[in-house]
Amino acid sequence: MSARAISAVKGMNDLLPEEVERWRVLEETIRETTRLHGYREIRTPLVEPTPLFVRSVGEGTDIVDKEMYSFVFHDEPLTLRPEGTASVVRAYVEHALHTKEPVSRFLYVGPMFRGERPARGRYRQFHQAGCEVFGDPGPVVDAEMIDMLVGLMAKLEVGEVEVLLNSLGGAGTKARYRERLLAHLEPMKESLSQDSQRRLETNPLRILDSKHPQDQEAIAGAPSILESIDDEDRAHFDRLRALLDALGTPYRVEPRLVRGLDYYSRTLFEIRGKSPELGAQNALGGGGRYDALVEDLGGPKVSGIGFGLGLERLLLASKAKPGLRVRSVLIAPMGARAQTEALVIARELRALGIVAHVEGRGGSLKSMLRRTASVDAGVALVLGDGELDRGVVQLKELDAHVQRDVARAELAAEVTRFFGRGTTP
RNA sequence: GUGGCCGUAGAUCAGCUGGUAGAUCACCGGAUUGUGGCUCCGGUUGUCGCGGGUUCGAAUCCCGUCGGUCACCCCA
């Protein structure tokens with residue numbers, strides 16, 4: 001303990017076994033829910049060529065401008081993925097998956113990296129689960145996806161949530177709206193916050209969801225994007241709303257919802273939690289349609305829609321509890337001969353699906369049995385030279401405080417029978 | 001990235017206005033020599049985040065730094 005200990009990188013956390021139990025429950029719930037909707041899991045590298053994100057997420061976004069873990073390795077610019085969609089699109093294009101099926105549905109789960117200042121619910125290495133659908137222009141999938149999210153939130157017991165919905169229109173309307181917005185904002189440039197003045201150049205749409213008090217007046221008077229979208233965009237949006245209404249899936253239209261990635265078009269949504277556990281980071285997930293992205297990344301003209309969920313945040317908000325621990329067998333061997341036999345017994349039990357712990361550290365029987373509590377053992381097996389000579393093992397039923405000798409040959413059957421008749425507390 | 005608050009045993013924390021540290025839990029051992037969880041008794045645990053400064057003397061004051069946290073920002 002004298003050497004200086006090394007600690008984890010700022011904003012990157014260890015997940016200790018106790019927490020991992022909750023993570024597994026969460027991930028299993030997500031996998032099962034998405035599986036029922038036809039999503040299949042895809043796994044892509046954590047590292048991608050830097051241009052992939054620059055081209056998809058977009059220059060001028062906070063993510064690309066200041067949050068990416070980028071580095072050059074052997075002359076190649078690489079980046080630790082800051083989000084999941086770009087990689088999935090890249091893989092979709094690279095493997096020409098559109099030629100194999102008209103519609104593809106993907107689930108991904110894994111770590112993402114953004115160099116932000118850590119806070120509650122915000123980390124530099126964080127985890128997302130996300131879904132992507134390619135080849136279906138909506139709006140039926142849009143509704144189905146949002147409805148799935150709301151259902152998933154309920155299953156995870158995250159409490160009350162709010163779905164914010166907006167439409168950005170297609171590429172054409174987006175550009176047109178951008179001009180209208182600029183025309184409105186330019187004259188009042190001086191009154192805007194510094195961040196927003198900068199965004200006038202880089203990414204004017206982002207000004208809409210600025211929370212700066214200085215910006216509120218300008219934003220309030222700004223033209224609504226929903227009034228700028230064209231007829232087709234509007235028909236898409238109206239149909240989506242009608243579907244959600246019919247499904248009874250609650251949402252709130254938020255014309256100023258913009259979000260931080262450039263590739264979105266038409267449908268845009270965000271799901272916010274109300275749990276006080278979330279602190280200021282209340283966005284549990286968000287996503288939208290990206291009908292031009294696949295083509296922009298060199299693929300076919302295929303539409304797409306997807307979302308990402310923040311696993312850390314879901315865990316903060318979720319009240320779902322991990323299942324009961326599986327009860328186990330603790331084997332306490334006294335002496336060298338017994339230790340060998342303990343390993344053999346453990347092997348037999350594990351082959352039958354029973355969790356077995358061998359107390360191999362020696363010490364007094366008392367100290368070995370003391371560990372029954374921490375491993376949540378239902379049964380302890382004690383064996384020493386006496387038992388070995390008689391060809392038996394002492395079986396202790398811990399809850400019942402009873403013990404008896406069991407013939408070595410019948411041990412596995414006896415333990416199986418014990419667990420079989422239900423010993424869950 | 002900006003500002004506020006915090007940083008003492010593995011964990012949660014106490015330690016007032018400066019005199020080199022404690023509680024609880026956990027852990028280890030014991031309560032007639034091979035029998036747990038409860039109880040009782042005993043024990044270990046710390047470069048008081050790190051570096052520097054003030055001082056005869058600092059966990060206690062000052063500066064810096066790192067980490068955490070809250071808000072801003074951003075989003076998941």
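Here are two short exercises with worked solutions on a predicted model.

Local features need pLDDT of at least 70 and side-chain atom pairs count only at pLDDT 80 or more, while totals for chains, interfaces and linings use all residues. Residues are numbered from 1 along each chain as its sequence is written, and side-chain values use heavy atoms, with hydrogens and water left out.

**Exercise 1.** Find which strands pair with strand E6 (residues 125-134), and say why E6 is largely enclosed.

*Solution.* Start with the terms: strands are DSSP runs of E with at least two residues, helices runs of H or I with at least four, numbered from the N terminus. Two strands pair if DSSP finds at least two bridges between them.

Step 1: E5 (residues 104-113) pairs with E6 in the antiparallel sense over 10 bridges; here Leu107 stands opposite Cys131.

Step 2: E11 (residues 304-310) runs antiparallel to E6, joined by seven bridges, with Gln128 opposite Gly310.

Step 3: Nine of the 10 residues of E6 are buried, so the rest of the structure largely encloses this strand. Buried means under 20% relative accessible area (1.4 Å probe, protein chains only).

**Exercise 2.** Describe how helix H5 (residues 140-155) packs with helix H9 (residues 231-247).

*Solution.* Two packed helices are described by the angle and the distance between their axes.

Step 1: The axes of H5 and H9, lines fitted to C-alpha atoms over the stretch in contact, come within 9 Å and cross at roughly 40°. That makes H5 oblique to H9 (not under 35 degrees, over 145 or 65 to 115).

Step 2: Contact (heavy atoms within 4.5 Å) involves residues including Ile146 of H5 and Leu240 of H9.

Terms used:
Chains are lettered from A and ligands numbered from 1 in the order in which they are written. Buried means under 20% relative accessible area, exposed over 50%, partly exposed in between (1.4 Å probe, protein chains only). Axes are lines fitted to C-alpha atoms, for helices over the stretch in contact, and angles run from 0 to 180 degrees between N-to-C directions.
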